Amino acid sequence: MYIQTMSKRINELAKLVDDGANHARAIEQLSSQTPITLVEAYAIQKASIDRRISRGEKLVGLKMGFTSKAKMEQMGVHELIWGRLTDKMQIQSGKTLDLNKFIHPRAEPEIAFLIAEDVPEDQDLESIGKYIEAVAPAIEIIDSRYKNFKFSLEDVVADNCSSAGFVLGEWSPFTGDLKDLCIDLIVNEECKHEGSSNAILGNPLLSLLDAVRLGFKYNEPVKKGMIILAGAATPAEYIKLNDQIETNVDRLGKVNLTVV
Ligand code: OOG
Ligand code: MG
């Protein structure tokens, strides 16, 4: 009986975040209505993504969040989080983002991994390299479904960690090291933020290892062909009509989009 009530509640809350995303309408924080645990928050996230999948979207990867101090401090959440990426969220580099489809979107500079093979459990910095097909510069579009972009840890997890879009630059072969790469976020040719790949947990590979570990924990393992976003290296920026957004990552190149 309790389990039935719980899963009904989880589906109701998943519908709230899904509708918010679908109609680009901000909603109240879930936790302001009922306290939710972190385990419930991940169940709500899964149920909300299942709704997208039932509409024909495909799971294409995972995103890590709050892997840098800059992001934790900007948003006031200090724990690592992870969410899911679907094919519909991808925007081609050099193309446009339609502002009408979002509530209050922000852009942030990231590094993406393309996974070569299903990754078994218990990897480390030495072993993980053989599962990386390629790496690319990326921009993530985050668009919290909550009013004023304000949330608790559980709220943001339930809301698929604010993920709303992602843009990938060209893939480069992985050469064994992603340390000390400069990453920036440029808006209309002005550099808004500049950071280092070291800002991502000291080494973006550690973010991938966390994705593998959490993927096993929550039954969403990192598989061949998946895209994994390592988390932003700098704070995010609100985007507005006609903005030209660009990210450059040393050695990996650039990625950009225009807001229309
Ligand atoms: C949550 C998502 C955090 C990152 O890269 O750290 C994130 C948010 O900031 O709304 O994607
Ligand atoms: Mg991000």
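In the hairpin formed by strand 13 and strand 14, three residues lie between the two strands, and Arg 251 adopts a positive phi near 70°; this value, like the others reported here, comes from a predicted model. The two strands of the hairpin run antiparallel and are joined by six bridges. Strand 13 covers residues 244-249, and its residue Gln 244 has Thr 258 in strand 14 as its bridge partner.

Strand 14, which spans residues 253-259, also pairs with strand 4 (residues 96-97), in this case in the parallel sense and over two bridges. Within this pairing, Leu 97 stands opposite Val 259 of strand 14. Strand 14 is thus joined to strand 13 in the antiparallel sense and to strand 4 in the parallel sense.

A second feature of the model is the site of the magnesium ion (ligand 2), which is coordinated through OE atoms by Glu 108, Glu 110 and Glu 140, at 1.9 to 2.0 Å. Along the chain, the donors of this ion follow the spacing E-x1-E-x29-E. Because Glu 108 lies in strand 5 (residues 106-115) while Glu 140 lies in strand 6 (residues 132-142), the pair ties together parts that are 32 residues apart in sequence.

The accessibility of these two glutamates was also computed. Glu 108 has a relative accessibility of 3% and therefore counts as buried, since the cut-off for a buried residue is under 20% relative accessible area. Glu 140 is likewise buried, with a relative accessible area of 0%.

Conventions. Residues are numbered from 1 along each chain as its sequence is written. Chains are lettered from A and ligands numbered from 1 in the order in which they are written. This is a predicted model: local features need pLDDT of at least 70, side-chain atom pairs count only at pLDDT 80 or more; totals for chains, interfaces and linings use all residues. Side-chain values use heavy atoms; hydrogens and water are left out. Donors are N, O and S atoms within 2.8 Å of the metal (3.2 Å for Na, K and Ca); water is not among the atoms, so sites may look incomplete. Helices (H or I, at least four residues) and strands (E, at least two) are DSSP runs, numbered from the N terminus. Buried means under 20% relative accessible area, exposed over 50%, partly exposed in between (1.4 Å probe, protein chains only). Two strands pair if DSSP finds at least two bridges between them.
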